[in-house]
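Trainee: Could we go through a model together? I would like short questions and short answers.

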Amino acid sequence: GSAFPVPPDSWLDIAEAKPAKKTIRADDDMPFIEELPSADETVASAPSQFAGKLVGDRTVHRFSGSFSKTSLILSQEVTARGGSLVVVDYTLEEGASATKLRVTHDTGTERVLRVREIRGKRELPSSVAAFDKLMARTSFAPDDNEAEIAKQKSTCLVGDQQLDCEKTDYRVKIGDQTATFSIARSSDGRDVSGEISDASGKIIYKSELIESRSGLPANVASR
C-alpha cells in the first residue's frame, strides 16, 4: 500500500526514537554527558525532532478508543540537555498505575542511548526494549492508506488554548475493514490530534494533545 501520510509516531511531539546501535550497559551509571557518541555517529538524514528542545518543554497526550481497555495519558518532559544529548522523562498513566522512564536521546541521530526507570526517588536500570514497549502501548496504525478524502480549516483546543487547525481525513484499511483516519494539525505544524473510526463512527483510536508547555533557554532560565 501507499506510504502513510503522517506516521502515527509523529502525533507524539518527541516520542519517535530509533533503537541505539551503541550498546550501553544497563548498570552503566556514568553521567549522561559522558555518553556523547562519536562524530561519525551523529549525522542525521533529516533535522532532529530533539534539536530545538529546551529543558522544561512538556507535552501531555491522551489516548482512547477500543484499541485499549482504558484511556492512557502520556506525559513527556525534557529534564536535561548537554552537548548533543537530551534527557526526557516519559510517564505513562493507565488507570491507577503509572510507569516512568528517563530516556537519554542523541539529538543528532535520535537514538536512545540509555533508559532508567523512576520508582519514587529511585532511578533503576532499564532497557531500550522497555521504552519501546511503553511507546507501543500508545500506538495504532492502519494496514493501508487508500486516499485523502477531505480537508478543512477548523479550530483545536489544547488545554484552554484555542488554535487554528487544518483537519485532513483519509480512507484507510484495518484488515478488510474500511475506516477513516483524521488528523488535526495546527498552523505552526504541530499534530494536535489523530483519530481512527470505523464505518459506524465508533472510535478505534484517538490521540489528543491536551497540554503543551515550553521551557526556557538556559541563559534565561539561569537568571
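The sheet comes up before the loop and the rings.

Mentor: This is a predicted model: local features need pLDDT of at least 70, side-chain atom pairs count only at pLDDT 80 or more, and totals for chains, interfaces and linings use all residues. Residues are numbered from 1 along each chain as its sequence is written, and side-chain values use heavy atoms, with hydrogens and water left out.

Trainee: Which strands are the edge strands of the open sheet?
Mentor: Strands are DSSP runs of E, at least two residues, numbered from the N terminus. Two strands pair if DSSP finds at least two bridges between them. Eleven strands form the open sheet, in the antiparallel order β6-β5-β4-β3-β2-β1-β11-β10-β9-β8-β7. Pairing on one side only marks the edge strands, β6 (122-125) and β7 (144-158).

Trainee: Which residue stands opposite arginine 58?
Mentor: Look at β1 (residues 58-64) and β11 (residues 203-213), which run antiparallel. Seven bridges join them. Opposite arginine 58, in β11, stands arginine 213.

Trainee: Is serine 187 buried or exposed?
Mentor: Serine 187 lies in the loop between β9 (177-186) and β10 (191-198). Buried means under 20% relative accessible area, exposed over 50%, partly exposed in between (1.4 Å probe, protein chains only). Serine 187 has a relative accessible area of 70%, so the residue is exposed.

Trainee: How many aromatic pairs are there?
Mentor: Rings of Phe, Tyr and Trp (its six-membered ring) pair if their centres lie within 6.5 Å. Phe63, Phe67, Phe140 and Tyr205 form one aromatic cluster. By the ring rule, the number of aromatic pairs is five.

Terms used. Helices (H or I, at least four residues) and strands (E, at least two) are DSSP runs, numbered from the N terminus. Rings of Phe, Tyr and Trp (its six-membered ring) pair if their centres lie within 6.5 Å; planes under 30 degrees apart count as stacked, over 60 as edge-to-face and the rest as tilted.
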